[in-house]
Amino acid sequence: MTVSTHQPRKRFGQNFLHDQAVLARMVQSINPQPGERLVEIGPGQGALTCPILDLHGHLTAIELDRDLIPLLSEKCAPIGELTLIEADAMKYDFSALASVTGKIRLFGNLPYNISTPILFHLSEYAGVITDLHVLLQKEVAERIAATPGNKNYGRLSVMMQTRFDTTLLFDVGPGAFRPPPKVTSTFLRLKPHAKPVVHISDPDQFAALVTSAFSQRRKTLRNSIRHLLSIEQISAGGIDPSRRAETLTLEEFAILGNMLESSNTRKTPPEK
């Protein structure tokens, strides 16, 4: 097949899946249903694209590598209707793919080198997403699903969990890819919350607070967010200023973030 002549490109973080057993488990987990709007991020050589397309009949895919576009079109033409969009997933407006009557289901094998920025970008479109199935570096997946007090709990955990339910589905070894990565991967399901799990008055200020809180993990809140909230304000929220960010729940982060929205005493960040 012509597509097999395409060599994985390091600059795109390409590691192509080839293990049929793993692909079958991924297809089963996604479980495409008639009438759904399916969108794949980074179809690569079509290893997952083809079986999904064969089941569903039509699919939209976002691909950055322009050399793969004609090869994928040729490979998938006999299988079903594939709409290929040449674009950078980190900049793409996914709301444009959501129809008036329905949301989109996203899936893909995300490049390890940019998986976190892509996830933050996708989280902005949680309102038009039914669910998201992604293959990630195991370490990143564990950070997303980590709970307070866990060593992996951090900014990524908080920001993703405020918008999604997270489920670690199964691990995938390096041998399932070409070329094999140096790490284990995890297939992860993210499903937007039907209702907000916490009330966030200003998402931008909430994000700024979470970023500051985890900027130096060993620092206590009294030091890590002192340019945002005073010790008195933190205490007024029922939170001990001597605690570290990794111990706070989503609800406690929301309390502090919402204080910023109503506070008129924000301080200038300390000089470094």
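How many of the nine residues of β6 are buried? Select β6 (129–137) in this predicted model: eight of its nine residues are buried, so the strand is largely enclosed by the rest of the structure. The tour starts from this strand and proceeds through the sheet, the helices and the cores.

**The whole chain**

Display the complete chain before isolating any part. It contains ten helices and nine strands. Along the principal axes, its C-alpha atoms fill a box of roughly 65 × 40 × 30 Å. Of the 272 residues, 49% are buried. Among contacts between residues at least 6 apart in sequence, 67% join residues at least 24 apart.

**The sheet**

Next, select the strands of the open sheet. Seven of them lie in the order β4-β3-β2-β5-β6-β9-β7, with mixed pairing. At the edges stand β4 (81–86) and β7 (164–172); each has a single partner strand, so one side of each is left without a neighbour in the sheet. On average, and with direction ignored, neighbouring strands are turned by 20° against each other. As background, strands of a sheet pair through backbone hydrogen bonds, either parallel or antiparallel.

Return to β6 and add β5 (residues 104–109). These two strands run parallel and are joined by six bridges. Pick G108 in β5: its bridge partner in β6 is V134. On G108, I41 also stands opposite. Then add β2 (37–41), which pairs with β5 in the parallel sense over five bridges.

Continue to β3 (residues 58–63), where five of the six residues are buried. The pairing of β2 with β3 is parallel, over three bridges. Within this pair, E40 stands opposite A61 of β3.

**Helices on the sheet**

Which strands does helix α4 lie across? Select residues 115–123 to display α4; the helix lies across β2, β5, β6, β7 and β9. Its direction runs at about 175° to β6.

Now select helix α1 (residues 20–30), which packs on the sheet and touches β5, β6, β7 and β9 (185–192). The direction of α1 makes about 160° with that of β7.

**Helix α7 and its cap**

Select residues 203–215 for helix α7. This helix has 13 residues and reaches 18 Å from its first C-alpha to its last, close to the 18 Å expected at 1.5 Å a residue. Its N-terminal end is capped by D202, from which a side-chain oxygen lies 3.0 Å from the backbone nitrogen of D204. Colour the buried residues of α7: Q205, F206, L209, V210, S212, A213 and F214.

**The nonpolar cores**

Which residues touch the most other members of the largest nonpolar core? Among its 54 residues, they are F94, L106, L119, L136, I144, F253 and L256. Helix α10 (residues 250–262) gives the most to this core, with six residues. A second, separate core has 28 residues, including V22, A61, I69 and F177.

Centre the view on F253. Leaving aside neighbours within four places in sequence, F253 is in contact with Y153, V158, F206, L209, V210, A213, F214, A245 and L248. Of these partners, F206, L209, V210, A213 and F214 are among the buried residues of α7.

**Three buried polar residues**

Remain on helix α10 and select N258. Is N258 buried or exposed? At 18% relative accessibility, N258 counts as buried. Its side chain reaches the backbone oxygen of H199 at 2.9 Å. Not counting residues up to four places away in sequence, N258 touches H199, I200 and S201.

Move to Q45, in the loop between β2 and α2 (49–56). Q45 counts as buried, at 13% relative accessibility. The side chain of Q45 makes a polar contact with the side chain of R178, at 3.3 Å.

R178 leads to the last stop, N15, which has R178 among its contacts. N15 lies in the segment before β1 (16–17) and counts as buried at 18% relative accessibility. Leaving aside neighbours within four places in sequence, N15 is in contact with N109, F177, R178, P179, P180 and P181. Finally, display the C-alpha atoms of N15 and A176: the two residues are 161 residues apart along the chain, and these atoms are separated by 9.3 Å.

Conventions:
Residues are numbered from 1 along each chain as its sequence is written. This is a predicted model: local features need pLDDT of at least 70, side-chain atom pairs count only at pLDDT 80 or more; totals for chains, interfaces and linings use all residues. Side-chain values use heavy atoms; hydrogens and water are left out. A nonpolar core is a set of buried Ala, Val, Leu, Ile, Met, Phe, Trp, Tyr and Cys residues joined through side-chain atoms within 4.5 Å. Buried means under 20% relative accessible area, exposed over 50%, partly exposed in between (1.4 Å probe, protein chains only). Helices (H or I, at least four residues) and strands (E, at least two) are DSSP runs, numbered from the N terminus. Contact means heavy atoms within 4.5 Å. A polar contact is a pair of N or O atoms within 3.5 Å; within protein, one must be able to donate a hydrogen and the other to accept it, and residues adjacent in sequence count only if both atoms are side-chain atoms. Two strands pair if DSSP finds at least two bridges between them. Axes are lines fitted to C-alpha atoms, for helices over the stretch in contact, and angles run from 0 to 180 degrees between N-to-C directions. The expected span of a helix is 1.5 Å times one less than its number of residues.
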